[in-house]
Amino acid sequence: MTEIFSRSLKLAAVAVAMSAIIGGAASDAHADCGKVSITEMNWASASVVTTVAKFIMEQGYGCKVAVIPSDTVPAATSLAENGEPDVVTEMWINSAPVYQKLEDEGKVQTIAKVLSDGGEEHWWIPKYLAEKHPELKTIEGVLANPKLVGARFHNCPDGWGCRVINDNLKVAFDLKGNGIEVFNHGSGETLAGSVAAAYADKKPWFGYYWAPTALLGKYEMVPVDLGPYKADIHKCNATADCTKPGKSAYPSAPVVTGVTAAFAKREPEVVNMLSKLSFTNQQMASVLAWKEDKNASSEEAAVHFLTTHKDVWGSWLNEEAKSKMAGALKRSEERRVGKE
């Protein structure tokens, strides 16, 4: 009980720090940036990226930031149809052909690899299952032994780019005809929960996931070999109206921040900062692991990053913004200490 109370106090202190940062810095920042709309994709790393970017834009550059909850496909569609939002963070562009088309047309500019190491997307099985049944490390082995993987494929939630791809791959590999039910998760939380539940009882599990994530840092998973990556086939698989789904692995995924051409022209200083805002997979996994261990919110995780990795984000900002951030963090620490 003492440990739980202590952890609660620590998280409360972080929440106080977060509130102080938001309230204190916003009043000091010059309102010279104006309104900015930015996506918040509905998975953990993207939420952290967006929250960190929001803090810095508001506190260091005087922006008034509106966060738009979204997913890969809706965000790309909104850019195409409405020219909004201004900033799209953690866009997995392999899963969004519309985004790539907009970039080719000059309507969107890719300004940063927000996950500098790129992202991994695979169909996976738990390591304990691969060690016991090494034949399951290939899709042919899985299809020949559906019961060994629980006769179920854990699919992405609706709205995720991987959902479209997996819905085509399930046809190409004829999962149903090979005795494998496709279970469509309603959220990222239930998808992650299914992995944790399987690991707790060392039960079969087979499905989609991505890295970097705290989940795959905690639970060792082995990718299932789907065969070679074929660009033309994957391009078709990534569209909902693909008429000939084919067999192709996921490529290594560029994970980027994009801005509209209009925003790039309007706010060059902010765009310059966002062009440097980038996490290695190790840095992101560390933040996500802290978030999970503390049962913390994305805001608390962002504050944790800002207060413990000044050497990282300090290089993203111009001198004026860096000074404002330093002042805000100092005030937040003074207020936190004063409330303890």
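Here is a short conversation about the disulfides of this structure.

User: How many disulfides does the structure hold?
Analyst: Happy to help! This is a predicted model, where local features need pLDDT of at least 70, side-chain atom pairs count only at pLDDT 80 or more, and totals for chains, interfaces and linings use all residues. Residues are numbered from 1 along each chain as its sequence is written, and side-chain values use heavy atoms, with hydrogens and water left out. With a disulfide taken as a pair of cysteine sulfur atoms within 2.5 Å, the count is three.

User: Which parts does the pair Cys33 and Cys63 tie together?
Analyst: The sulfur atoms of this disulfide are 2.0 Å apart. Helices (H or I, at least four residues) and strands (E, at least two) are DSSP runs, numbered from the N terminus. Cys33 lies in the loop between helix 1 (2-28) and strand 1 (34-41), and Cys63 in strand 2 (residues 63-70), so the bond ties together parts 30 residues apart in sequence: that loop and strand 2.

User: Is the disulfide of Cys156 and Cys162 right-handed or left-handed?
Analyst: Their sulfur atoms sit 2.2 Å apart. The torsion about the S-S bond is about -135 degrees, so this disulfide is left-handed.

User: Is Cys236 buried or partly exposed?
Analyst: Cys236 is joined to Cys242 by a disulfide (S to S 1.9 Å). Buried means under 20% relative accessible area, exposed over 50%, and partly exposed in between (1.4 Å probe, protein chains only). Cys242 counts as buried at 11%, whereas Cys236, at 23%, is partly exposed.
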